Amino acid sequence: MFDVKIIREDFPIFSKQSNDFVYLDSASTTLKPQFVIDAVNGYYSQYSANVHRSIYTIGEQATAAYEGSRKKVADFINAKDNSIIFTKGTTESINLVAYAWARKNLKEGDEILLTEMEHHSNLIPWQLCAKETGAILKHIPFNEDGTLDLSEPEKWFTDKTKLVTVIHQSNVFGTINPIKEIVKMAHDVGAIAIVDAAQSVPHQKVDVQELDCDFLAFSGHKMLGPTGVGILYGKPEILETMNPFLGGGEMIKTVSLNESTWNNIPWKFEAGTPNIAQAIGLGAAIDYINSIGLEQIHQHEQLLLNYALKKMQDIPEVTIYGAASERGAVISFNVENVHPHDLSQLLDNDGIAIRAGHHCAQPIMKKLGVSATGRASLYLYNTKEDIDRLCESIVKTVNFMGGRD
Ligand code: C6P
């Protein structure tokens with residue numbers, strides 16, 4: 001039984017903050033359950049040794065916990081253990097592919113296909129890469145309702161397309177893109193397919209074998225885990241062909257003064273002492289999510305999303321951006337005559353945390369003709385009362401700013 005009251009007791013922040021605290025910014029980063037905090041503390045207080053090199057009890061314990069987390073991540077997205085690379089986050093994961101795969105495989109005139117709704121983390125690495133390789137960037141446009149315009153696929157997927165990289169769930173519109181079809185279209189023209197799954201993996205079942213994507217990136221801190229840890233999934237046969245991203249300890253097999261050989265995947269891509277505590281914390285976050293049930297979490301979010309959309313649409317001064325039929329629990333909006341930064345501050349006075357800004361998606365803002373939006377995003381610990389409070393506070397803001405007679 002999914003009981004949000006009991007779930008909220010697992011999150012110590014609710015008892016540390018005032019009673020009226022409403023957190024609606026989980027797309028940015030999620031709150032952390034005590035279970036995850038305990039796992040991180042447990043590593044630091046009980047067995048804080050380095051991994052893969054310490055041949056003594058706590059070193060072996062640390063290695064087992066770190067590698068155990070890799071297995072948990074692999075199972076969570078239905079991957080093989082050796083296809084899971086620990087990184088710092090989605091941003092680093094995408095950069096890893098841009099440096100270690102794309103710079104080696106792309107040449108002048110090759111096309112990198114993205115969309116207009118990418119997060120900066122999935123735009124800038126490719127801008128840098130295109131400058132260096134001479135590859136050309138192309139962007140699938142989005143429609144007014146925040147869905148991708150895939151009406152003329154032959155315009156985008158051509159024999160020049162070598163790499164397709166697409167956001168799974170938009171962090172602005174909430175739109176869930178038809179990623180399996182996009183991966184197939186990429187493969188049909190001989191391109192590799194990368195999925196930015198930062199906003200999808202925490203909220204819905206993502207199965208990399210079913211999607212058949214070549215790479216998939218996400219962040220631990222958006223799924224109840226610690227900051228400073230993320231994942232790059234890569235098909236083992238592709239990872240094998242890649243050069244390392246960073247050089248240093250642990251990613252080697254043999255080293256002489258002038259040359260070296262590389263460790264097996266995935267360790268070839270994990271140079272230096274890794275983010276051990278964070279990776280262990282991510283493993284705990286996955287245990288926690290599994291104990292509640294990802295499907296249950298998804299259903300709870302969808303119920304709240306529909307409730308929130310309806311209530312917000314009933315406020316005449318509110319404009320909501322994005323209306324995809326398949327969407328996650330992220331709502332970007334503006335309130336007539338109120339700058340989103342002012343809105344965010346006024347809501348904060350009522351104890352409500354939303355995000356305001358361009359959401360690291362400036363090209364979306366430009367196309368929408370706005371400089372910023374407010375954004376409310378939901379997770380398993382949110383309630384209908386949170387939405388009621390948000391809407392009351394928006395109406396209060398409208399009145400305060402003199403928007404209604
Ligand atoms: N979006 C948001 O408030 P990092 O920072 O590396 O953990 O994740 C980057 C990232 C990549 N892709 C998508 C779709 C994202 O939403 C994010 C992070 C946050 O929307 C912070 S800007």
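**Note on the ligand site and internal spaces**

1. In this predicted model, an oxygen atom of the ligand lies 3.4 Å from a polar backbone atom of Thr90. Two side chains also make polar approaches to the ligand. His221 places a polar side-chain atom 2.7 Å from a ligand oxygen atom, and an N or O atom in the side chain of Lys222 is 3.0 Å from a nitrogen atom of the ligand.

2. Taken on its own, the ligand has 510 Å² of accessible area, of which the protein covers 88%.

3. The shell around the ligand comprises 18 residues, and the closest of these are Thr91, Asp196, Gln199, Ser219 and Arg355. Sorted by class, this shell holds ten polar, four charged and four nonpolar residues. Domain 1 (4-30 + 293-400) and domain 2 (37-290) each contribute at least three residues to the shell.

4. Where does the ligand sit? The ligand occupies the largest pocket, which holds about 280 Å³ of space. This pocket is lined by 19 residues, with Thr91, His119, Ser121, His221 and Lys222 the closest to its centre. The lining consists of ten polar, five charged and four nonpolar residues.

5. Why is the largest pocket described as lying between domain 1 (4-30 + 293-400) and domain 2 (37-290)? Both domains give residues to the lining of the largest pocket, and therefore the pocket lies between them. The shell around the ligand likewise draws on each of the two domains, with at least three residues from each.

6. The second largest pocket contains about 210 Å³ of space. Its lining is made up of 14 residues, and those closest to the centre of this pocket are His168, Ile179, Lys180, Gln204 and Leu211.

7. Enclosed space should be considered separately from the pockets. How many cavities of 30 Å³ or more are counted? The count comes to two cavities. The largest cavity has about 70 Å³ of space, and 13 residues line it. Nearest the centre of the largest cavity are Gln169, His203, Glu301, Gly328 and Ala329.

8. For inspection of the ligand site, His221 and Lys222 merit attention on two counts. Both are among the residues closest to the centre of the largest pocket. In addition, His221 has its polar side-chain atom 2.7 Å from an oxygen atom of the ligand, while the side chain of Lys222 has an N or O atom 3.0 Å from a ligand nitrogen atom.

Technical notes: Residues numbered from 1 in each chain as written. Predicted model: local features only at pLDDT ≥ 70, side-chain atom pairs only at ≥ 80, totals over all residues. Heavy atoms only, no water. Near = heavy atom within 4 Å. Polar contact = N/O pair within 3.5 Å; in protein donor to acceptor, adjacent residues only side chain to side chain. Areas by Shrake-Rupley, 256 points an atom, 1.4 Å probe, with all protein chains shown as cover. 1 Å grid on protein atoms, 1.4 Å probe; cavity = no way out; pocket = protein on both sides within 12 Å on 5 of 7 lines; lining within 4 Å. Sits in = over half its atoms within 2 Å of the grid points. Nonpolar A, V, L, I, M, F, W, Y, C, P; charged D, E, K, R; others polar. Domains from an automatic or database assignment. Points joined across faces, edges and corners; volume = space filled by probe spheres on them.
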